[in-house]
Each structure stands twice: as structure tokens, then as C-alpha cells.
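User: I would like to learn how to read a protein model step by step. Could you take me through some features, giving the general idea and then the case at hand?

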Amino acid sequence: MITEIAVYKPKEIESKWQNIWEKSQIYKAIDFDKRPKYYSLVMFPYPSGDLHMGHMRVYTISDVISRHRRMLGFNVLNPMGFDAFGLPAENAAIERKIPPKDWTLKNINHMKNDQLKRMGTSYDWGREVVSCNPDYYKWTQWLFLQFYKHGLAYQKEAPVNWCNKCQTVLANEQVEDGMCWRHDDTPVEKKKMRQWFLKITNYAEELLDDLDKLTGWPDRVKLMQKNWIGKSHGAELVFTVDESEDTCPRLQIPVYTTRPDTIYGVTYLVLAPEHSLVSGLTTKENKEIVEAYIKKASVLSEIERQSDSREKTGVPLGSYVINPYTGEKVPIWISDYALLDYGTGAVMGVPAHDIRDFEFAKKLKLDIKQVISIDGKESELKNAYTDPGIIVNSSQFNGLNSEDAKLKIIDYGEKEGFAKKRINYRLRDWLISRQRYWGCPIPIIYCEKCGIVPAPEENLPIVLPDNVEISGSGGSPLERAKDWVSVKCPKCNSDSKRETDTMDTFICSSFYYLRYSDATNDKEVFNKEKANYWLPVDQYVGGIEHAILHLLYSRFFTKAARDFGLVKIDEPFSNLLSQGMVTMFSPKTNKISKMSKSKGNVVGTSEFFDEYGADAARLFILFAAPPEQEVEWNKQGAIGQYRFLERIWRLFFILKEKAGLTVCDVRAFHEMPLHETPMEPPVRELYRVANYTIKSVSEDISDKKYIFNTGIARMTELVNCIYKIIQNKTSFTEIESKVLNFSITNLLKLLAPFAPHITEELWGMMGEKESIHLQKWPSFDEKALETDEVELVIQMGGKKIDVLKIKKGLPQKEIEAMAMSQEKVKIRMEGKELVKIVVVQDKIVNIVAR
């Protein structure tokens, strides 16, 4: 009679072990340990106040990797912190009439203690960073000063993206389909403002070239970065403004082009509406329509202006330029498809050989002149001809292949003084100024006598003042903190003012992975030896939505820190895993969408954890799909994983009573003379399945695969196999008990990274004092995987008909007889004559009939 089995109560078990883990600090990373280091990192969260199952996926994936590496013998750094500055907190403060700091710290406490820890995560909380705390942003400010000192931080007036709802500037990357990335109903406008920039363009070439070093990154992420950097080879050609009474005489306009082979086909020139020359080149007759067009273009985002589907618009300035190669006059227009920040802000219009220019010319009835054709002959163009071909209508270059003509045309222009080879990048310097309160203050002082003065490093941090009015009415709220703004100049001691803009929050997340290496250091941003010990990050896990903004900025920061002498590495993240989204049906959109509060399809963690436990939620999140794919949340599927854990729970108690369950000495068991040990076929099969499970799970969760769902499937098969052995049995032989012990012991170890609480509880019930998470990862017996059975494929007419499991090495006649006796073969042989049977030993039987 089996003793009554204890009920599986995940809430009690999980709370118990979370407290024990925290007190024992078993997840503490040790600097300079003799074990090989492994830095496992997940993108730190914004403290919005509540994590849902969509957030849980990224933390679970990263946690499985961290736990697995510890059991493999690595010294694992698995830190956590909070990206705590940002506009949502400021908006929440306005809405709720509470300070952003109070709202943020309250959310951090809830997320940390009521959610992240309840997930069973194995973080080293001793290295926690919170970006809104002065002990962190002191070093944000210090790093800004290093950028300034090295000429990588500067201020200039520039057209910027402005969100009226946020009342702040947005980086180009924060404009999505013409709308603010946080308010998809708010169009982004263009304004001219004086702003702070970081010279990321100084690193454009290295950022591009070093993508080849990132062999552990997804190709799609590298391609996104490559396209964003946007390197192109071309030429700068100089057009001279035609002299007239109403325009600037002898003024030169440089144009960047990747198609110098089309220079003889230029029929107009386009300037960006914001171009500084527009006003001076506009005739009196065209002034009104030009000003109206500029105003209209100012509300469009860069993405909108570049859209291929958007109708092309523009107006003429009334002035002309001279094509330096032909001497012809061509009109100057402005159009919103020309961008001030790309190339020179001027575009030569070649409608015969550019799709966008063709549409523009057709709509506005401009000339179209063909200079390249497929066969060297002109033809009527119904669309732009964009392929390579033979040069025509191009003076001495006629008859050349268009690719060869590019170089010859540039060479000719260089000799004549109106062309030069040039490499261009789409990447622009990083705009970091934000007109909001809840951000890191920029450590700059403005003095009427001394100009721009960096704050002395010994005065850091420049702490955000409390009790600042945040109304959302525009401008930086810090401007209203008069006592804080007023300061003495560090150079001349005269009355001066602080910078009232704060930094883009992506600054905070661009070095946090470096700070984790020495998070409590109050003397320096981090100790160089510690940073060089832990960095680079071995495995980074985070969403694909950060493929450009965060990852590119972090790579830039790392390279700059290297050049500042702070680290030795070139790249911050050796391997990157970009997990797919968690989706669910949204009653607001009436379709399956990304889990989001705005879509009303959020599933919170607490309620599910209370009823079914974090282990079950973790297993479902991992089992539902491979990491890179989307997962649709399904409560019944998650409950199914709870049932699976219940089966293991019951199995443990049955084995403990029936088979005298103890922790198996795996090494000693592998050294047994297995071939001399009598085993019944089912027991031998269990031993094979157990070893196969160890092998396959180890491969599935290795850094070469990270296919967690198949690993869980293998463990499910092992549980099923164990149940078959114990079915209807009340006692076991010694060898049966040993194999069962071996199987359940290793099942718990394999399951530990996935379901850390239940495995820790059952491990302790086996009498073990040391945590299961500190045990060595299981090894398997290669000999146990050997089998005397093979799967024989039966074919007819070259098609697979059936699969037959047989013993190895059977005689050919016996194999033929077995194949012909199969029901599927008999059906297909009806009314046919057997011609021959071809047997490939232990692999294929090919039946030929007519």
C-alpha cells in the first residue's frame, strides 16, 4: 500500500525556495574566480509597474541559460537592474499628480519582489543597478564628460523630430511610420533647436566592419544594423547656380550621388525644404508657394518622406543651376523626398534612371532624358530604367558600360575640378537632448564669459532637484527650477546657468552591462580589471525591437570606452538571442496581437503563479515555440504543463516508496559492466531513453541550438517511459531500482533550469543538503545509446510506403518476407506482378512491381 502522496502545492514550494535562495546567495557571481566565467545578460526592464506573460518569456529564456551554465561549471554573472528614467514616468506624474521618482521606485519594488523573484530567476541582486539613482547616473554624467573631452559630444542647431504630446525631441529611431514611438496617434513634426549630439558617425566604418565579428548574432539583426549605417560609394558633384538678378551669383551646390554614370541625364535639381540655400535661391514670384510648401513638409517624419508609396510633391524655386558636365541649365526645386541629413541635402534629378525621380518628373511634367540603355539605343521609357547598360547621350562616354563609366566620369570631373570620390553613410550623429525632467541632467554649464563649461568631475553627480513642476506644457521643466539652474561658473566664478535638457534614456542603457561588472563602485565607473574579466557578455537575450537603437548605441559606447582606455574589448555582446513576442487575442483589435496593455490582451503573472505556479508558466513559455518564434499565450496549455509537473511529483513519491529512491551516483553507475548485467528489455530501454534524454536535452539547450521546446518534449518522453516500467508493479529488483534511480535523478537535474522550484524541493526530499542548482550537469553513457534495432524503410515506385522496426543483420530472405507481409504492401500489390525486391541491409527495401 502506497503511503498517501503529498499534494503538489507550487505556491508554498516556490515561496519557500525563493527565500532560501535569497538568504544563501547561491547565485552570487565571484570576481576573478578560477572557474571559467560566463556573463549571461537579459535586457533590463523599464519599471512600468507590472510585468505580464509577454515580459516573462525573455527572463525565463535567459534564466534557463544561466542556470544551465552554472551546472556546467561556469562562474556565472547573471545581473538585473532597471532602466528607470524615461517619459512614461513623467507622463504618469502629470496624470497622477505624483513625483516621477515615487512612481518609479514603487514600481521597481513591486516588479522586483512580487514578480521577477517569483518567476524563480537566478539573479545576483548584489549587482542591481537603477538608472534613476544618483549612484548610477553620476557615471552617466561622467561618461558624457569623457565624450565631450574627446571631441565626441557637441552642440549644434538642427532640425529635430518633435512630439507635441511628449513635448520633447525624438531620435530618428523613435519615429515610427511618422508617429511618436510611444503615441502612435501623434504625428511627429520638424523643429529647429539647439541640441546635444554624440559623434557616433566617427565610428560608422568600424561599426559596419565589426558586424563580421558577430558570428553569434542573428543575420537579420546584423542586416538591420548594416542597412541603418547605410554605407554607399559614390561621388560629390558640384553644380553652380546660374547668375541672375534674383539669386545668389556663382553659388555652388554640391550633390552626393551613387550614380555618376547618369550625370548627363540630369533634368532638375532638388533641395531639401530645410536647406539653408532655399531662401536665397527662391525668386520673388515663387516665394509664397515655396514658404507654404516648407510649412507643409515640416510636419512629415523622415520615414514618411522616404516612403516609396507616398505621392511625390514639390515646387520650383524659380532659379537654375548649371550641369558641370553638359553646361545646360536645369531648374531648382524643393521636394520633401530630399533629406537635409542625407548626403548634402541636394539631389540631382535623373528621372530616366531613378524610380522616385521618374514619378516626380511625370507628375510635374519635367524633362526625362535617357542616358543608359540595354543595347546602346534610345527607346521610349514607360518606367525608369535602373539596370546596368550602355551609355548614350553622354558625349565622350557614349558606348561605355555603365559600371565602367562611373569611374571614368568621376575621374574626368576630378581633373576639371567639379567632382570627387566620396563614401557616404546613412547613419547620423546621435541626438541625445530631451526637454523633460525625468532624465539624467547633462553636466554642462553656460557662462556668458567662458561659454560652454563642463561641470567638474568632483562635483558629480549633478542631482535632479525635487519638487519641480511638471505640467507637460512644453520646454524643459528644469527651466522652472531657478535655484537649481543658477550656478557659479567653475572657471571664472561668475553667475551662470546649468543645461536644462536631460539625456536620452538610451544613454543609460548603453553602458549598464559594463557597470554590472562593478556595480557598487563609488570611486570609478567600474574597475578595469573586473570589466575586462567579465566582458564581453557571453549571451545577451532581448527583443528584436532593439536591433537598431539599443544594440547599435551599446556597440558605439563600448568602442568609445575602449578608446578612453576603460576596456580592452571591441564588441559588448558575443552572442545575441532575439526572442519572439508573446501574443494573445485582443478584443480591441479583434485579432491576435502582441500582448500589450493598450490592446487589452494582457495576462498578469501573479494570478497564474498563485494557482498553478511559476514553474508551470516557465515550462509553457519555453515549450510553446522555439525562442525566435512568436508564442500565443494559452492558459490551457500552461495548465497542461502544471499537470506534467504533477505527474513528476506523483512519480517521485511512488518511486521513493517502491524503489527506495535515493540520489544516484551517476559516475559509478556508468562504470558498471552493463553488458554483463542482466536486464529485462523494458528496463534496458528505460536506461537507453534516460541516456538519450540527457544527450538530447544537453544539445537542445546548448548555445548552438537553444531549442528549449524539444528538450521539454524529451523529458516528457522519459517520464512516460518510467511510468510504463512501474505500471502494475509493487516491488522492484535491485537493477530495476538502480535504473529508476538513475532516471529520476537525472530527470530532476535536466529539469532544474526549466522548473527550478519543484526540482529543488524533490532534490531535498531525496536527502540532499546542497542545492540541485549547484550540481554538475548530467553526463550520459554512449554505450547505452546503442541498440540492436533499426528502422527499415519500405519503398514502392520510389515512394515511402511503410517503416518496419527490425533487428540488425537479419538475412535478406527474412527481410523480404517481412516486408511483403505488411498490410500496406499487400494493398498496393493487389493486381500487380512482383518483378524484384532490392534490399539495402538495415536501411531500405525497394519493391518493384508491374
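User: Which residues is V160 in contact with, if its neighbours within four places in sequence are left aside?

Analyst: This is a predicted model, and in it V160 touches V169, E189, K190, K191, M193, Q195 and L431 once those sequence neighbours are set aside. V160 itself belongs to strand β5, which covers residues 153-163.

User: Is V160 buried or exposed?

Analyst: The word buried is kept for residues under 20% relative accessible area. V160 has a relative accessible area of 2%, and therefore counts as buried. As an exercise in separating chain distance from distance in space, take V160 and I332, which are 172 residues apart along the chain and whose C-alpha atoms are separated by 25 Å.

User: What should I look for when I want to find the core?

Analyst: The general idea is that nonpolar side chains tend to be buried together in soluble globular proteins. In this model the largest nonpolar core has 189 residues, and those with the most contacts inside it are W430, Y513, F557, F608, W633 and F754. Helix α19, residues 635-658, gives the largest share of this core, with 12 residues. To see one member up close, look at W633, whose contacts, not counting residues up to four places away in sequence, include M53, V582, M595, F608, F620 and A638. There is also a second, separate core of 39 residues, with V330, F397, I409 and I410 among them.

User: How do I describe two helices that pack against each other, and what is the angle between α21 and α22?

Analyst: One can begin with the angle and the distance between the axes, then ask about the handedness, and then list the residues that meet. Helix α21 (residues 681-700) and helix α22 (residues 708-726) pack at about 165 degrees, and their axes are 9 Å apart. Because angles over 145 degrees count as roughly antiparallel, α21 is roughly antiparallel to α22. The crossing of α21 past α22 is left-handed. Among the residues of α21 in this contact are L686, V689, Y692 and V697, and they meet a set in α22 that includes R714, M715, L718 and I722. Sorted by class, the contact of α21 with α22 holds 12 nonpolar, 4 polar and 2 charged residues.

User: At what angle do the axes of α3 and α4 cross?

Analyst: The axes of helix α3 (residues 87-96) and helix α4 (residues 100-116) cross at roughly 115 degrees and come within 8 Å. This angle makes α3 roughly perpendicular to α4. Here α3 passes α4 in a right-handed crossing. The contact is built from P88, A89, E90, A92, A93 and R96 on the α3 side and from P100, W103 and T104 on the α4 side. The residues of this contact between α3 and α4 comprise 6 nonpolar, 1 polar and 2 charged.

User: Why is helix α24 described as largely enclosed by the rest of the structure?

Analyst: For a whole helix, the idea is to go through its residues and see which are buried. Helix α24 spans residues 756-765, and 8 of its 10 residues are buried, so this helix is largely enclosed by the rest of the structure. The buried residues are P756, H757, I758, T759, E760, E761, L762 and W763. Their cover includes α1 (10-24), α2 (53-71), α18 (614-623), α19 and α23 (734-751). Just after α24, G767 has a positive phi of about 95 degrees.

User: What should I check in the backbone itself?

Analyst: Most residues other than glycine have a negative phi, and most peptide bonds are trans, so departures from either pattern deserve a look. F32, which is not a glycine, has a positive phi near 60 degrees; F32 sits in the loop between α1 and β1 (37-42) and is partly exposed, at 46% relative accessible area. K365 also is not a glycine and has a positive phi of about 60 degrees; K365 lies in the loop between α11 (355-364) and β16 (372-373) and is exposed, with a relative accessible area of 74%.

User: Which residues are joined by a cis peptide bond with omega of about 5 degrees?

Analyst: One such bond joins L460 and P461, with omega about 5 degrees, and P461 is found in the loop between β22 (451-454) and α13 (482-485). Another joins L535 and P536, where omega is about 5 degrees, and P536 is placed in the loop between α15 (528-534) and β26 (539-543).

Methods: Residues are numbered from 1 along each chain as its sequence is written. This is a predicted model: local features need pLDDT of at least 70, side-chain atom pairs count only at pLDDT 80 or more; totals for chains, interfaces and linings use all residues. Side-chain values use heavy atoms; hydrogens and water are left out. Axes are lines fitted to C-alpha atoms, for helices over the stretch in contact, and angles run from 0 to 180 degrees between N-to-C directions. Helices (H or I, at least four residues) and strands (E, at least two) are DSSP runs, numbered from the N terminus. Angles under 35 degrees count as roughly parallel, over 145 as roughly antiparallel, 65 to 115 as roughly perpendicular and the rest as oblique. A crossing is left-handed if the near helix is turned anticlockwise from the far one by less than a right angle, and right-handed if clockwise. Contact means heavy atoms within 4.5 Å. Ala, Val, Leu, Ile, Met, Phe, Trp, Tyr, Cys and Pro count as nonpolar, Asp, Glu, Lys and Arg as charged, and the others, Gly among them, as polar. A nonpolar core is a set of buried Ala, Val, Leu, Ile, Met, Phe, Trp, Tyr and Cys residues joined through side-chain atoms within 4.5 Å. Buried means under 20% relative accessible area, exposed over 50%, partly exposed in between (1.4 Å probe, protein chains only).
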